[in-house]
Every structure is written in C-alpha cells, then in structure tokens.
Amino acid sequence: MGWLQRIRNLGRRDAVDAEIAAELQSHIDLAVEEAVRAGMSEDEARRAARLRFGNPAAVKETTMEADAALGIDGVWRDVRFAVRQLKRSPGFAVTVIATLALGIGANTAIFSAVKAVLLAPLPYKDSGRIVAVWTSKPARGESEPSASSPGDFAVWKQKAGVFEDMAPSYDDEMTLTGSGSPQFLIGYAVSANYLSILGVAPAMGRLYTDEEDRPGGPPVVLLSDHLWRTTFDGDPEIVGKAITLDGKRYTVLGVMPRAFNYPTSVQIWTPSALTPSASSDFSHTFVRILARLKPGVSAATAQAALNRVEAQVAAARPDTDHGNRVVVTPLREQLDGDIRMPLLILLGAAGLVLLIACANTAGLGLARAAERHAEVAVRLALGATRTHLVRQFMTESLVLAIPGGMGGVLLAWAGTHSLLRLFPTDVANLRIPVVQAIPVDRGVLLFALGATVLSAVLSGLAPLWRVARAADAARMKESARGTTAGAASNRMRSAMVIVEVALSLMLLTAAGLIVASFEKAMNAGLGFEPDHLLSIEVLLPLNRYPSSNPQKRQQFTENVLLAMVAKPGVLMAGATNYEPLSGFWGTTNFLVRGDAVPALGVGPEADDRLITPGYFATMHIPVLRGRGFTAADRTGSEPVAMINETFAKEYFPSRDPVGLELNLGSGQKPNWWRIVGVAADVKSFGRDQPTHAEIFRTLEQVPFPLIAFNVRTRVDAAAFVKPAEEALWSVDPDLPIFQAIPMEELASQTLAVRRASSALVAGFAGLALVLACIGIYGVMAYAVTQRRAEIGVRLALGAQRGDVLRMVLGSGLRLALIGVLIGLAGALASSRLLHSLLFQVSAINPFIFAAAAAALIGVCLAAAYLPARRAAAIDPMRALRAE
Amino acid sequence: MAKNDLQGTLDLLVLKTLAQMGRLHGYGIVQHIHRASDDLLRVEEGSLYPALHRMEQSGWIGSEWALTETGRKAKYYKLTVAGKKRLEAAEKDFEELVRGVRAMLRYA
C-alpha cells in the first residue's frame with residue numbers, strides 16, 4: 001500500500017468512489033440486519049441505521065479525502081469548486097483578473113527589455129574581463145572620457161601590467177565603389193589582437209595576423225555579415241575576392257559572424273597598421289582601446305594602476321598629458337551605461353504597481369472572505385478540515401492569478417513593440433545598445449510565472465488568514481458576526497488601503513519628478529530651430545577629394561548649396577562639418593594673443609566647428625556680437641573665426657572678444673585667427689547636456705571632408721529628402737550619402753529615453769491612482785455596510801445626515817492621510833534613486849510632493865464620497881430592523 | 001482536546017480491536033468497541049471510515065472483500081506487521097497520557 005496504491009487510486013477515481021459507497025452501504029445493511037434480528041421491523045431498522053449513520057454523502061467525502069492520493073485529486077476538485085464560486089461573483093473575478101493582468105503585464109514587459117538589454121550574456125569570451133580604456137582631460141575643460149593618443153597607448157601597454165592584452169583601434173570610414181551604387185561604410189581599423197580579445201573568429205575566412213597588421217602590409221578587410229548578405233548577396237566565394245575601398249583594391253579576408261556587432265553598426269574591419277612613430281605621438285587622440293584584464297584584477301584596480309603610469313607620462317610630457325585621467329569601463333557598461341538606470345527605475349515603478357494591485361486584490365478578497373462565513377461554516381460542518389479550507393482558498397487565489405498572468409503576458413507581448421522607443425538608433429555616441437526586437441522568450445515567461453505566483457500568494461494571504469481564523473471560530477462554536485475576527489479583518493483591510501495609498505504616492509511623486517524633468521528638457525531649447533530643417537551628411541572620399549586639393553572640396557560645397565537653394569520650397573541652406581546632435585565633434589587647442597602663455601605650453605581646448613556663411617541664418621542661430629561670416633571670408637583673405645557664448649563667458653568674462661586673436665596652432669608654429677563675432681549657444685549634445693566652448697571658422701578657409709548640409713524648407717523637411725539627394729548627386733553622382741534626416745527627428749530622438757520613460761512612469765502612476773481609488777472605495781463601502789446598525793442608531797438618536805457624511809469621509813480621510821505620510825517618507829528616502837532621469841529638477845521638490853499628496857488625498861476623498869452619501873441616506877428604521 | 005489526540009485514540013481502538021478479533025468489517029468494529037468498553041465508547045461511523053481508509057493508506061491495516069456469515073458482501077480489515085508495531089507504540093503513548101492526566105488531577 002502507500003504511494004503505489006495512491007497513484008493507482010488516481011486513475012481509478014470512480015472505482016474507488018463506488019467501492020467506498022458499497023462499503024458504507026454494506027455497513028448500513030449489516031446494522032439493519034442486526035436490528036431486524038433483535039426484533040425491529042425492516043423499515044424502522046433502516047431509518048434508525050440511517051439516523052445513526054449520519055450523512056452518507058459527508059462520510060463519503062471525508063473517506064474519499066483520506067484516500068485522496070498525493071493531494072492531486074483534491075486540487076483538481078478545488079479548482080473546479082473555485083471556478084464555480086468565482087462564476088457566482090463575476091464582478092469580483094473580472095476586477096481582480098484585470099488588475100493583476102495590468103500589474104503582471106507591466107512588470108513582464110519591462111523585464112523583457114531588461115533581460116534583452118541588461119541581462120543578455122555578451123557573446124564574447126569571458127566578457128566580464130573585457131574593458132574599454134578612455135582618457136578624459138578635466139584640466140582642458142573636457143571631462144567626457146574620450147579617445148587616447150597612440151603614445152599613451154604604447155606606454156600603458158608596456159608598463160601598466162594589469163592587462164593580459166591591449167588592442168588599439170580607431171574610426172576609419174571608407175567609401176565602397178564598384179559593387180553596386182557607391183556606399184559610405186562605417187569602418188573600424190583594429191589591431192590583429194583586438195578581435196581575439198573579444199574571442200571572436202570570422203564565420204568565413206580568417207583574421208589577419210600580427211605580421212599582416214603593419215604599415216605597408218597587405219590591404220585586407222573583414223566584412224560584417226549584414227554587408228556580406230546585402231551588398232555582396234551572400235556570395236559564398238567572397239573570401240579572397242577584391243573590393244574597392246576609397247579607390248584602393250582590398251582583399252576580403254573573411255566575413256564576421258551574424259551576431260557579431262561590436263562596435264555597433266561597424267561594417268568593415270581593417271588592420272590598424274599603426275606606424276612605429278605613432279608610439280611617440282602624444283598629441284593626437286584618436287585611439288580607442290580595448291583590453292582584457294588579468295585574472296583577479298578589477299576594473300577599478302586597473303584604472304588606478306593606469307593613472308599612476310599616466311602621472312609619470314604627464315610629468316615627462318606636460319604639454320600633452322598634463323591633467324589626463326584614465327577611465328577604465330567594463331564592456332557591459334560601455335554598451336548600455338546610459339539606459340541601465342532608466343530601465344531599472346521603470347522596473348521598480350512597475351513593481352510598485354504590482355504591489356498595489358496585490359494590495360487591492362487582497363482587500364477585495366478580505367471582503368469576500370468575510371461574506372463567505374456561512375459557506376465556511378457549512379463546509380466545516382460537512383467535515384472539511386482546516387488544511388482543506390486553506391488549500392481551497394489558496395487554489396482560488398491561483399485560479400484568479402493565472403488568467404491574470406496570462407493576460408499580463410499578452411499585454412506585455414503587445415507592449416514590447418512600443419518599448420523599442422526607448423532605444424533610439426540614429427544618435428551616435430549614446431551608450432545605448434542597438435535593439436531590434438524585445439522577445440518574450442522562456443526567461444520572460446518564467447518571470448511572468450513567478451510574478452503570478454507571487455501575486456497569488458500576496459493577495460491570498462490576508463483572506464487566507466481570515467478564513468483560517470473563521471474556521472477556528474466556527475470550530476469553537478462562536479458566533480461569526482461582529483466578533484473580534486470582524487474587527488481584525490477591518491484593521492487588515494485598512495492596512496491594505498494605507499499600503500496602497502503610500503505606494504501610490506511614491507509612484508506619483510516619481511512620475512511628477514520625471515515628467516517635470518522631461519518638460520524642462522523639452523523646453524530647454526536647442527539654440528537652433530529644428531522644425532522644417534533637413535540635415536544631409538556626406539563624407540567626401542579621400543581619393544577623389546584629397547586634402548592636397550582644397551579647392552575641389554570648396555567647389556563641391558558651394559555647388560551643392562547652390563543646387564539645394566535652387567530647388568522649389570527651399571528657403572535657405574548652409575553647411576557645417578559636425579552636425580549638432582549627431583554625436584560627432586572635434587576639438588582644437590587655442591591661445592589668446594596677449595594673454596600669458598600657460599606654464600604647460602599648450603592652451604585649453606574648445607570644440608572646433610567649420611561652417612558656411614549661410615549656416616547660422618539657416619539654423620536660426622542668432623549672432624550676438626560682431627558679425628557673421630560672409631562670402632568675403634575665403635582663402636587668401638584674413639583668417640577669421642567666431643566663438644559661442646559659452647566660450648565668451650568662460651574666457652572673456654570682462655572684455656569684448658571681437659577683435660581679439662586666437663592661436664590655433666602651437667607656440668612654435670602659430671596659426672592666428674581673428675575673432676569677428678559671437679554666436680548664441682547651441683545644445684549640440686542634447687537639450688539636457690551642457691554646452692561646450694566652440695570656435696567657428698569657414699569651410700572656405702578650412703576645407704573638411706565631412707560635410708553636413710542643412711536646408712531650411714518651406715514645407716515638411718521629410719518631403720525634401722529626395723530633392724536634396726538629387727541636388728547632391730547633380731554635383732557628384734558617385735557620392736554616397738551618410739545620413740539624410742529631418743532635424744526634428746534627430747532632436748526628438750535625443751529625448752527618446754526621457755520621453756518613453758516619462759510616458760511609462762506617468763502611465764504607471766495613473767494606474768496606481770485608479771487602483772488606490774478602487775481600494776478606498778471598496779473599504780469604505782464595506783465599512784458602511786458593516787456599520788449600518790451603528791449609523792442607524794446614531795441617526796435615530798438625533799445625529800444629522802451631515803454628521804454621518806462627515807464621519808465616513810473623516811474615516812476615509814484618516815486612512816488617506818496616514819497612507820500619504822508613509823508614502824512621503826518613502827518617496828523622500830527613495831527619490832535620490834531617480835537622479836539619472838532628473839533634469840533641472842531637484843529630487844526633493846516640495847511643489848511636486850505637495851501636488852502629488854493633494855491629488856491623492858483628493859482622489860481618496862472622491863472615492864469615499866459615494867459610500868459616505870449612502871451612509872448618510874440610511875433609513876434608521878430599516879437599518880435597525882435588519883439587525 | 002485537540003483533534004489529533006482524539007484521532008490517535010480512535011486509531012488505537014481500531015488497531016486493538018483487529019488484534020483481538022483478527023478479521024473484521026467496519027460495522028463489526030463499531031459493535032466490538034461498544035461491547036468491549038462496557039457501552040462507554042461509541043464510535044461515530046463518520047469518523048470510523050475515514051480513519052480506516054487513512055490507516056490503510058498508512059499501511060497499518062489491509063483490506064479485502066468477503067462474505068459475512070449471512071452471505072452479505074463486506075470489506076474486512078486485518079492488522080499488518082507494521083500495524084502491530086504501531087499498536088504497541090500507540091498503547092504505550094496512551095498509558096503515558098493517562099498517567100500524566102491522573103497525576104495532574106491528584107495534584108493538591
């Protein structure tokens with residue numbers, strides 16, 4: 001007997017049922033038989049036996065229960081019973097399922113994003129030890145970590161001793177011709193060991209070796225999978241073939257695997273081929289470094305070690321390296337540093353919503369448990385055990401939670417698509433990974449299951465406790481009405497509501513702070529007018545527009561501008577080298593004539609921008625002092641420059657900069673430019689980012705291969721993309737276009753993370769508010785029903801209806817106030833966590849906190865009003881009679 | 001007294017009955033307990049049958065259908081080896097319980 005029999009009994013449920021019925025029947029028959037032998041009549045005997053025996057159904061049930069194998073049979077019965085019970089209160093079931101679906105759905109959706117972005121294992125060998133190394137120059141006014149010099153790289157590689165391997169790399173965009181229409185490719189020149197640090201091997205072909213990675217080495221290239229599939233049609237014979245990059249023949253050495261995407265969007269990899277002399281170049285910073293830490297060494301340790309080495313370099317070379325700070329960033333942070341905190345904040349907010357939903361459900365469940373006193377009593381009388389009842393109610397919780405969970409998964413699945421808005425794709429230099437899709441996969445479903453079970457447990461605990469106590473009370477034969485069990489249950493419901501209100505307040509304040517930050521960021525203004533402005537960027541291929549022939553570049557720019565302006569619907573056009581908001585920029589050092597030369601020999605740094613005379617007008621950037629550039633400022637005439645407000649305020653706080661001269665060369669080889677005007681600031685790095693000091697010169701006087709044309713159109717800029725491309729190709733038909741995008745879109749994308757986060761958190765807060773409203777209403781309504789008699793007595797004894805109204809509202813207000821106070825404490829303690837999403841808004845903003853509290857109290861009062869009115873409308877006679 | 005103690009006592013009575021009488025059906029067990037206790041103990045059928053099935057699940061008694069002397073079909077129970085051991089332990093527990101209660105009642 002034992003387990004085997006139990007399992008067999010599972011299958012033979014009906015048979016067992018019949019057997020037990022037969023056994024019980026035979027008992028009765030034997031009793032009847034004996035009674036008849038003792039002299040009773042058959043009928044009397046049967047009646048007596050039945051009476052003695054009790055309720056056969058109940059006995060059968062309890063007997064069956066003893067037989068119930070492994071509890072599974074019982075669970076299935078419980079489920080069916082639960083479903084039947086819930087069908088009798090459809091309103092309750094639907095409310096709970098909807099509430100849980102929203103809560104679980106929100107959490108699942110955000111978790112799927114977190115999993116896809118933050119938790120997805122990096123496809124590199126031992127990725128926890130891979131780091132990127134950057135240099136920041138706070139002494140030069142540049143605190144953002146940026147590329148390093150090859151000289152620094154050489155020293156660090158030799159001396160730092162904390163890395164197993166270190167590899168240099170740099171941007172190397174090239175133009176592909178001869179394979180379909182000319183294409184502008186994002187390229188990356190990497191050393192031979194770069195890819196081996198990542199532990200990646202080509203899917204086809206091979207990597208180049210250290211010997212091949214030298215200046216004058218063979219021109220070889222690795223293609224990305226995407227490039228191979230699209231431009232080269234997935235040619236299986238591509239390895240060994242030659243392609244033309246920047247006019248030169250390169251041999252394809254291999255194709256990288258499909259999933260490989262570091263750095264993001266790179267299409268070709270070429271040998272870095274750094275010359276030996278590069279290792280003594282400390283002034284040009286263009287090297288991006290990837291390294292693998294030695295086992296047991298942390299990024300922080302490596303950073304400290306590198307800074308010690310760099311301090312020595314700075315002492316030996318103060319003119320280039322003074323004040324350099326080295327930053328070591330783990331690869332993971334490199335890829336998702338800017339989205340990590342926002343995502344986690346969203347997950348926290350969604351979690352709060354789920355907790356509120358559970359509190360709501362628990363409250364509703366408590367009320368329902370109280371109403372089911374009679375049912376519980378009857379079931380106990382029929383022989384149900386306490387464990388059985390507990391199991392029954394737990395099952396009911398699960399029966400509600402599981403459809404809620406499934407609904408949640410559906411909602412999440414529908415919602416992940418809109419979550420993609422958190423990941424803008426057109427802004428360079430943001431540390432946000434490229435995310436094509438957010439799948440709802442096994443891990444996400446497991447999370448949803450976990451959330452469902454947690455919800456069931458949390459929302460079922462309180463009613464369960466209630467039922468257990470009711471079971472005990474019934475066993476002790478106490479009256480179930482108006483007992484201590486009732487009062488404790490009320491306290492519990494009030495506690496649930498207080499919890500709900502507190503959590504809602506925390507969400508409301510968070511939403512308030514985040515939305516206010518978003519508003520501030522939106523209104524921060526860019527410094528230029530992005531509406532009706534098209535940006536079209538090109539990179540002049542160096543083989544056809546060499547730096548030895550600046551006239552060709554100038555000619556090109558001028559002709560394109562003329563062609564653009566000639567198109568219908570165009571108001572004006574201008575060009576620059578580094579487009580604002582594109583994430584690209586360059587810098588230069590400068591000295592002011594007449595000012596004391598700094599002890600280090602090299603002056604501070606400012607952003608270096610080149611523009612055409614029409615640029616400021618096209619962009620609607622006002623010139624604040626002096627004059628803008630004109631056509632007269634060209635090669636041969638006096639070298640002129642403009643500066644921006646930030647520059648003027650920082651370096652010329654008390655004098656007029658117009659007329660002063662800047663040396664953009666060096667002490668030995670000066671390169672003087674006269675300042676002719678001051679332009680208003682532009683938020684080139686985003687509305688919520690600080691402005692840099694900027695120096696402007698004309699493209700005429702400093703031709704540059706990267707050119708962004710800005711066209712101010714009369715109508716929608718997006719409609720002008722085709723005409724703009726035509727204009728460009730009318731001047732140079734072989735020129736690939738890097739990016740053509742309305743500035744409005746670019747401007748909107750820089751706010752993408754903020755916008756999406758604000759919308760989501762505001763949505764969660766709204767949901768929380770609705771749930772809190774329902775919660776308060778439920779508690780108040782139930783309290784009024786319970787206190788009917790008391791209210792009736794009060795009214796009968798002369799209380800006014802207004803008094804009753806005030807009494808009920810007062811109790812609701814009391815709950816709300818306690819909840820708000822607790823919530824305020826919680827919000828104060830936790831709002832610092834939001835700082836990565838805040839902009840020009842302090843984490844403890846009294847106005848927002850007060851507004852949130854007021855809103856919540858208002859909602860609570862409104863929710864309590866209806867029950868209060870019903871209480872005031874109670875007819876005392878009816879209430880007392882019903883007692 | 002908590003439910004468990006009552007349940008334990010019922011188990012004890014049933015096991016002892018089967019030890020004394022060998023094979024017996026449910027009705028017979030009820031009658032035997034009633035007689036052997038000088039009419040002092042009455043077992044509720046509603047408690048007996050769940051207890052019988054539970055003890056069978058636990059492996060202390062075995063069952064089989066058979067005919068009574070009068071030719072009726074009934075389910076007969078008998079003690080198993082494990083049941084005998086269980087009976088000894090239950091008897092000891094009960095003695096202890098009784099001694100403890102008596103000592104408490106005599107305490108001045």
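The exercises below work through a predicted model with chains A and B.

Residues are numbered from 1 along each chain as its sequence is written, while chains are lettered from A and ligands numbered from 1 in the order in which they are written. Because the model is predicted, local features need pLDDT of at least 70 and side-chain atom pairs count only at pLDDT 80 or more, whereas totals for chains, interfaces and linings use all residues.

**Exercise 1. Describe the fold of chain B: how many helices and strands does chain B have, and in what order do they run?**

Step 1. Helices (H or I, at least four residues) and strands (E, at least two) are DSSP runs, numbered from the N terminus.
Step 2. Chain B has four helices and three strands.
Step 3. Starting at the N terminus, the order in chain B is α-β-α-α-β-β-α.
Step 4. The C-alpha trace of chain B spans about 60 × 30 × 25 Å along its principal axes.
Step 5. A residue is buried if 20 or more other C-beta atoms lie within 10 Å of its own, exposed if 12 or fewer, and partly exposed in between, with C-beta atoms placed from the backbone. On this count, 29% of the 108 residues of chain B are buried.
Step 6. Two residues are in contact if their C-beta atoms, placed from the backbone, lie within 7 Å. Of the contacts in chain B with a separation of 6 or more, 48% come from residues 24 or more positions apart.

**Exercise 2. Find which elements of chain B touch chain A.**

Step 1. Chain B brings 17 residues to the contact and chain A brings 21 residues.
Step 2. On the chain B side, the elements that give two or more residues are α2 (26-36), α3 (45-58) and β3 (73-79).
Step 3. α3(B) gives the most, with eight residues.
Step 4. For residue classes, Ala, Val, Leu, Ile, Met, Phe, Trp, Tyr, Cys and Pro count as nonpolar, Asp, Glu, Lys and Arg as charged, and the others, Gly among them, as polar. The side of chain B that touches chain A has four nonpolar, seven polar and six charged residues.

**Exercise 3. Work out how α2(B) and α3(B) pack, and then do so for α12(A) and α22(A).**

Step 1. Two packed helices are described by the angle between their axes and the distance between the axes. Axes are lines fitted to C-alpha atoms, for helices over the stretch in contact, and angles run from 0 to 180 degrees between N-to-C directions.
Step 2. For α2(B) and α3(B) the angle is about 120° and the axes are 11 Å apart.
Step 3. Angles under 35 degrees count as roughly parallel, over 145 as roughly antiparallel, 65 to 115 as roughly perpendicular and the rest as oblique. α2(B) and α3(B) are therefore oblique to each other.
Step 4. A crossing is left-handed if the near helix is turned anticlockwise from the far one by less than a right angle, and right-handed if clockwise. α2(B) crosses α3(B) in the right-handed sense.
Step 5. α2(B) makes this contact through Gly26(B), Ile29(B) and Val30(B), and α3(B) through Glu45(B), Leu48(B), Tyr49(B) and Leu52(B). These residues comprise five nonpolar, one polar and one charged.
Step 6. In chain A, α12 (residues 331-371) and α22 (residues 752-786) pack at about 15° with axes 10 Å apart. This angle makes α12(A) roughly parallel to α22(A).
Step 7. α12(A) and α22(A) have a left-handed crossing. Their contact residues comprise 23 nonpolar, five polar and no charged.

**Exercise 4. Locate Asp39(B) and His532(A), and decide for each: buried, partly exposed or exposed?**

Step 1. Most residues other than glycine have a negative phi.
Step 2. Asp39(B) is not a glycine, yet its phi is positive, about 65°. Asp39(B) sits in the loop between α2 and α3 of chain B.
Step 3. Asp39(B) counts as exposed because it has 8 C-beta neighbours inside 10 Å.
Step 4. His532(A) also has a positive phi, near 55°. His532(A) lies in the loop between α16 (484-523) and β14 (533-539) of chain A.
Step 5. With 19 C-beta neighbours inside 10 Å, His532(A) is partly exposed.

**Exercise 5. Describe the surroundings of Ala727(A).**

Step 1. Ala727(A) belongs to helix α20 (residues 721-731) of chain A.
Step 2. Ala727(A) is buried, since 24 other C-beta atoms lie within 10 Å.
Step 3. Not counting residues up to four places away in sequence, Ala727(A) touches Val560(A), Ala563(A), Met564(A) and Lys567(A).
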